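Biologist: Before we discuss anything, please put the model on the screen, and then let us go through it by question and answer.

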Amino acid sequence: MTSEKTATLSADAVMASAPSFTRPPVTVPEYLESTYWWAYTHPNAVKVFERQWLVNLILWGNFSRLRDLALDELAPAANGNLLQVACVYGNFTEKLVQRLGPQGRLNVIDVAPVQIKNMHAKLQDKSKVTISQQDASQMHFDDASHDATIVFFLLHEMPLEVRRKTVTEALRVTKPGGKVVFVDYHRPVATNPFRYIMVPILTTLEPFAMDLWNGQIADWLPPDCKNLRMEKETYFGGLYQKVVISK
Ligand SMILES: C[S@@+](CC[C@H](N)C(=O)[O-])C[C@H]1O[C@@H](n2cnc3c(N)ncnc32)[C@H](O)[C@@H]1O
């Protein structure tokens, strides 16, 4: 009886001291669980995919090149606050951390607990890194809290509305004068044989990916960002793109 009363009082006390705004817990989105459980959310996914040679094969030998193109764009912010939106298999984050300057800090977010755990396990030097479970389409960071933001092969894995919100969020949390860097799939030129090889692969395994062939990242910008400076380059016969938006 006494302990029951104590428990009630404690709960009341907690409620009284809690801030009026509390965030709902982060949950794995339904699209991710149903479409990509085999790649990201199942505990065995990490055992299969966390191999440098495999992520390189998935990108037809272009992983290091695309990684370094992204990291080169982030270089001017090496002593600032950087954000990596979503974990990436392989050594992407390790290489990013190696390029941080003495004042540099990196936030890495992912919505899947399996990926958060894997990032903690694989990253040796975490002294400048904060890893947190967040949904890219509704991040917890303040507006303009980062000097540069990287979104590496994430957009093609998202349904349209989630993709729009993610682009909006990446721009929101990046400071004026900062950069948002997207690296992702793109429609290859007609003479590129991968144009034909990739269609059955993407349509079977990655149901949202063809949106990156049929649309432009510019299409998914929020109205107040449509006039920002945007540079797009394509690689490997157009199969991949890097889009840099300067705020
Ligand atoms: C960056 S993407 C693809 C990267 C690349 N294919 C690779 O080799 O890892 C994969 C990550 O995005 C995460 N992800 C998917 N939807 C997300 C969301 N709404 N918010 C945060 N992370 C998300 C997945 O959990 C996964 O770890």
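Biologist: In this predicted model, which strands does helix H5 lie across, and at about what angle does it run to S5?
Modeller: Helix H5, residues 63-74, lies across strand S1 (81-85), strand S4 (146-152), S5, S6 and strand S7 (240-246). Helix H8, residues 160-172, lies across S1, S4, S5 and S7, and runs at about 145° to S5. For H5, the angle to S5 is about 175°.

Biologist: What is the order of the strands in the open sheet?
Modeller: The sheet has seven strands with mixed pairing, and its twist averages 15° from one strand to the next. Strand S3 (129-133) and strand S6 (229-235) each have a single partner strand, so one side of each is left without a neighbour in the sheet. With these two at the edges, the order reads S3-S2-S1-S4-S5-S7-S6.

Biologist: Which residue of S5 is the bridge partner of Ala 148?
Modeller: One can walk across the sheet from S1, which pairs with S4 in the parallel sense over three bridges, and there Leu 82 has Ala 148 in S4 as its bridge partner. S4 is in turn joined to S5 by six bridges, and these strands also run parallel. The partner of Ala 148 in S5 is Lys 179.

Biologist: On the other side of the walk, which residue in S3 does Ile 109 stand opposite?
Modeller: S1 is joined to S2 by five bridges in a parallel arrangement, with Asn 107 of S2 as the bridge partner of Leu 83. Five bridges likewise join S2 to S3, and the two strands run parallel. Opposite Ile 109 in S3 stands Ser 132.

Biologist: Which residues of S1 point the other way from Asn 81, Leu 83 and Val 85, and are they buried or exposed?
Modeller: In a regular strand the side chains alternate between the two faces of the sheet. S1 is mostly covered, with five of its five residues buried, and S4 is largely enclosed by the rest of the structure because seven of its seven residues are buried. Asn 81, Leu 83 and Val 85 point one way from S1, and the residues pointing the other way, also buried, are Leu 82 and Gln 84.

Biologist: Which strand gives the largest share of the largest nonpolar core?
Modeller: In soluble globular proteins, nonpolar side chains tend to be buried together. The largest core here has 55 residues, and those with the most contacts inside it are Val 85, Val 151, Phe 152, Leu 154, Val 181, Phe 182 and Val 183. Setting aside neighbours within four places in sequence, Val 183 is in contact with Leu 66, Leu 69, Ala 70, Phe 152, Phe 153, Tyr 240 and Lys 242. The largest share of this core, five residues, comes from strand S5, residues 174-185.

Biologist: Is Asp 184 buried, exposed or partly exposed?
Modeller: Asp 184 lies in strand S5, and apart from its neighbours within four places in sequence it is in contact with Phe 153, Leu 155, His 156, Leu 212 and Gln 241. A residue needs 20 or more other C-beta atoms within 10 Å to be buried. Because Asp 184 has 19 such neighbours, it counts as partly exposed.

Biologist: Phi of Phe 153 is a positive value in a residue other than glycine; what is it near?
Modeller: Phe 153 lies in the loop between S4 and H8 and is buried, with 23 other C-beta atoms within 10 Å. Ala 144, in the loop between S3 and S4, has a positive phi near 50° and is partly exposed, with 15 other C-beta atoms within 10 Å. The phi of Phe 153 is near 50°.

Biologist: How do the residues of the shell around the ligand divide into nonpolar, polar and charged?
Modeller: There are 21 residues around the ligand, of which Ala 86, Tyr 89, Val 111, Ala 112 and Ala 136 come nearest. The elements giving two or more residues to this shell are helix H2 (30-41) and strand S2 (105-110). By class, the shell divides into 16 nonpolar, two polar and three charged.

Methods:
Residues are numbered from 1 along each chain as its sequence is written. This is a predicted model: local features need pLDDT of at least 70, side-chain atom pairs count only at pLDDT 80 or more; totals for chains, interfaces and linings use all residues. A nonpolar core is a set of buried Ala, Val, Leu, Ile, Met, Phe, Trp, Tyr and Cys residues joined through C-beta atoms within 7 Å. A residue is buried if 20 or more other C-beta atoms lie within 10 Å of its own, exposed if 12 or fewer, and partly exposed in between; C-beta atoms are placed from the backbone. Helices (H or I, at least four residues) and strands (E, at least two) are DSSP runs, numbered from the N terminus. Two residues are in contact if their C-beta atoms, placed from the backbone, lie within 7 Å. A residue is near a molecule or strand if its C-beta atom, placed from the backbone, lies within 6 Å of it. Ala, Val, Leu, Ile, Met, Phe, Trp, Tyr, Cys and Pro count as nonpolar, Asp, Glu, Lys and Arg as charged, and the others, Gly among them, as polar. Two strands pair if DSSP finds at least two bridges between them. Axes are lines fitted to C-alpha atoms, for helices over the stretch in contact, and angles run from 0 to 180 degrees between N-to-C directions.
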